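User: Could you walk me through this one? I'd like to know how the labels people use are backed up by numbers.

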Amino acid sequence: MAVIPWPLSHVSKPPAASARAPVAEDVAGMAAALIQSRQTILPKRLGTPGPNAAELAQILQAAAHAPDHGQLVPWRFVLVPDASRPMLAGVFAQALLERDPAATPEQAEQAREKAYRSPVLLLAVVDAERGDAEIDLAERTVSAGCAVQNMLLMATAQGFGSALTSGKALKAASLRALFQLAPSEQALCFISIGTVQSRKAARARPAAGAYVSTLDAERGVVPGF
């Protein structure tokens with residue numbers, strides 16, 4: 001893997017001011033292209049092959065570079081290999097029937113089938129109490145989200161598609177038992193990774209001005225930046 005020189009020179013400097021300016025501009029362009037190319041691909045549209053062992057290790061290692069106040073590592077990931085999918089399928093069906101005893105056999109089977117989608121399946125878990133108790137759950141969850149995004153971007157860089165899925169089953173007692181979650185832990189989402197079989201057209205993204213405002217010393221909070 002190529003090593004990016006660090007610190008990078010600010011891209012606004014003229015080339016004559018620093019030999020590293022072109023490098024910084026190239027890296028910024030690559031980062032923008034990578035971020036903009038990430039797209040949610042539904043798990044049912046993710047097929048084989050999935051990441052090999054080395055690629056998966058690279059994806060998982062990317063999580064370690066998430067912001068983490070206090071170096072708590074307040075999150076973890078549980079891989080669900082093929083041999084364990086039937087157990088997860090059973091939990092999905094059980095969780096559905098617990099929520100809706102009137103669910104039909106067809107609906108239960110649909111719930112079970114979700115466990116078999118995508119070659120790589122992981123559960124993201126956040127811990128509300130690990131380490132410094134003064135660091136609250138919101139900060140820990142933000143850190144977990146950053147770790148997940150790092151993984152999604154690495155998978156995208158490797159050429160794979162990915163998705164995050166949630167649902168009411170994440171709170172089911174049977175799922176908590178299966179993944180051996182501690183009382184202080186919450187299941188955040190499932191992460192699916194695989195080869196894209198089909199995709200929808202990229203959706204329009206909002207411009208930054210639509211969600212950014214500025215705290216003005218005289219006018220208060222005003223739109224834009």
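**Reading the labels**

Analyst: Sure. Let's begin with glycine 145, which sits in helix H5, residues 137-157. Keep in mind that this is a predicted model.

User: Why is glycine 145 called partly exposed?

Analyst: Its relative accessibility is 37%. Buried would need under 20%, and exposed would need over 50%. The value for glycine 145 falls in between, so it counts as partly exposed. By the way, its C-alpha atom lies 9.3 Å from that of alanine 124, a residue 21 positions away along the chain.

User: What makes H3 and H4 oblique to each other?

Analyst: Helix H3 (residues 85-99) packs with helix H4 (residues 105-113) at about 140°, and their axes are 7 Å apart. Roughly antiparallel starts over 145 degrees, and roughly perpendicular covers 65 to 115. An angle of about 140° fits neither, so the pair is oblique. The crossing of H3 and H4 is also right-handed.

User: Which residues of H3 and H4 meet?

Analyst: From H3 you get Ala89, Gly90, Phe92, Ala93 and Leu96, and they meet Gln107, Ala108, Ala111 and Arg112 of H4. Sorted by type, the contact has 6 nonpolar, 2 polar and 1 charged residue.

User: How do you know how confident the predictor is about the chain?

Analyst: Look at the pLDDT: its mean over the protein chain is 92, and 91% of the residues reach 70 or more. Residues 11-15 are below 50, though, and that stretch has 4 contacts in the model beyond near neighbours in sequence. Where pLDDT is low, don't read the predicted coordinates in detail.

Terms used: Residues numbered from 1 in each chain as written. Predicted model: local features only at pLDDT ≥ 70, side-chain atom pairs only at ≥ 80, totals over all residues. Heavy atoms only, no water. pLDDT = per-residue confidence, 0-100. Contact = heavy atoms within 4.5 Å. Axes fitted to C-alpha atoms, helices over the stretch in contact; angles between N-to-C directions. Helix = DSSP H or I, 4+ residues; strand = E, 2+ residues; numbered from the N terminus. Left-handed = near helix turned anticlockwise from the far one by under 90°. Nonpolar A, V, L, I, M, F, W, Y, C, P; charged D, E, K, R; others polar. Buried < 20%, exposed > 50% of the residue type's maximum accessible area, 1.4 Å probe, protein only.
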